[in-house]
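The text below goes through one protein model, from a single residue outward to the whole chain. Please keep the sequence and the coordinates in view while reading.

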Amino acid sequence: MDKIKVLVADDHQVIIDGLEAIISDVPELEFAGGALNGNQVIEMVESKAVDMVLMDINMPEMDGLECTSYL
């Protein structure tokens, strides 16, 4: 079975790092990367296979709600 590829979006790197550690401990999940704002999320989703985005609502440049609407 393929792993679920999870992209984490948060404007605090420590949150991304913590969630990466948690995701890496779950056999069914794969950490697909971290993004610090909605623009980075869009770039990453367009350039790599991502199954799920765990997104913060309050981020600079493009917030999580606007980014989710775009996706």
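G33 is buried, with a relative accessible area of 9%; buried means under 20% relative accessible area, exposed means over 50%, and partly exposed lies in between, with a 1.4 Å probe and protein chains only. This is a predicted model, in which local features need pLDDT of at least 70 and side-chain atom pairs count only at pLDDT 80 or more, while totals for chains, interfaces and linings use all residues. Residues are numbered from 1 along each chain as its sequence is written, and side-chain values use heavy atoms, with hydrogens and water left out.

G33 belongs to strand β2; strands (E, at least two residues) and helices (H or I, at least four) are DSSP runs numbered from the N terminus. Apart from neighbours within four places in sequence, G33 is in contact with V6, L7, V8 and M44, where contact means heavy atoms within 4.5 Å. T68 is 35 residues from G33 in sequence, and the two are 17 Å apart in space, C-alpha to C-alpha.

The strand that holds G33 is part of a wider arrangement. The protein has three helices and three strands, and from the N terminus the elements follow the order β-α-β-α-β-α. The three strands form an open sheet in the order β2-β1-β3, with parallel pairing; two strands count as paired if DSSP finds at least two bridges between them. Because β2 (29–35) and β3 (52–55) stand at the edges with a single partner strand each, one side of each is left without a neighbour in the sheet. From one strand to the next, the twist averages 25°. In general, strands of a sheet pair through backbone hydrogen bonds, either parallel or antiparallel.

Strand β1 (residues 4–9) pairs with β2 in the parallel sense over six bridges. One of the residues to look at here is V8, whose bridge partner in β2 is G34.

Two of the helices can be placed against the sheet. Helix α1 (residues 13–24) lies across β1, β2 and β3 and runs at about 170° to β2; axes are lines fitted to C-alpha atoms, for helices over the stretch in contact, and angles run from 0 to 180 degrees between N-to-C directions. Helix α2 (residues 38–47) also packs on the sheet, where it touches β1, β2 and β3, and its direction makes about 135° with that of β2.

Which residues make up the largest nonpolar core? This core has eleven residues, namely L7, A9, A32, A35, V41, I42, M44, V50, M59, M62 and C67. A nonpolar core is a set of buried Ala, Val, Leu, Ile, Met, Phe, Trp, Tyr and Cys residues joined through side-chain atoms within 4.5 Å. At least two residues of this core come from each of β1, β2 and α2, and α2 gives the most, with three residues.

Two alanines of this core, A9 and A35, show how the parts meet. A9 lies in strand β1 and is buried, with a relative accessible area of 2%. Beyond its neighbours within four places in sequence, A9 is in contact with A35, V41, L54, M55, D56 and M59. N37 is 28 residues from A9 along the chain, yet their C-alpha atoms are separated by 6.5 Å. With the same exclusion of neighbours within four places, A35 is in contact with L7, V8, A9, D10, I16, Q40, V41 and M44.

Two loop residues give the opposite picture. A49, in the loop between α2 and β3, counts as exposed at 54% relative accessibility. The C-alpha atoms of A49 and L36 are separated by 18 Å, with their positions 13 residues apart along the chain. E61 is found in the loop between β3 and α3 (64–70) and is exposed at 64% relative accessibility. Although E61 is not a glycine, its phi is positive, about 70°.

The overall values come last. Among the 71 residues of the protein, 28% are buried. The C-alpha atoms fill a box of roughly 35 × 25 × 15 Å along the principal axes. A compact globule of 71 residues would have a radius of gyration near 11 Å, and the 12 Å of the protein agrees with this; the radius is taken over C-alpha atoms, and the globule rule is 2.2 Å times the number of residues to the power 0.38. Of the contacts with a separation of 6 or more, 61% are between residues 24 or more positions apart.
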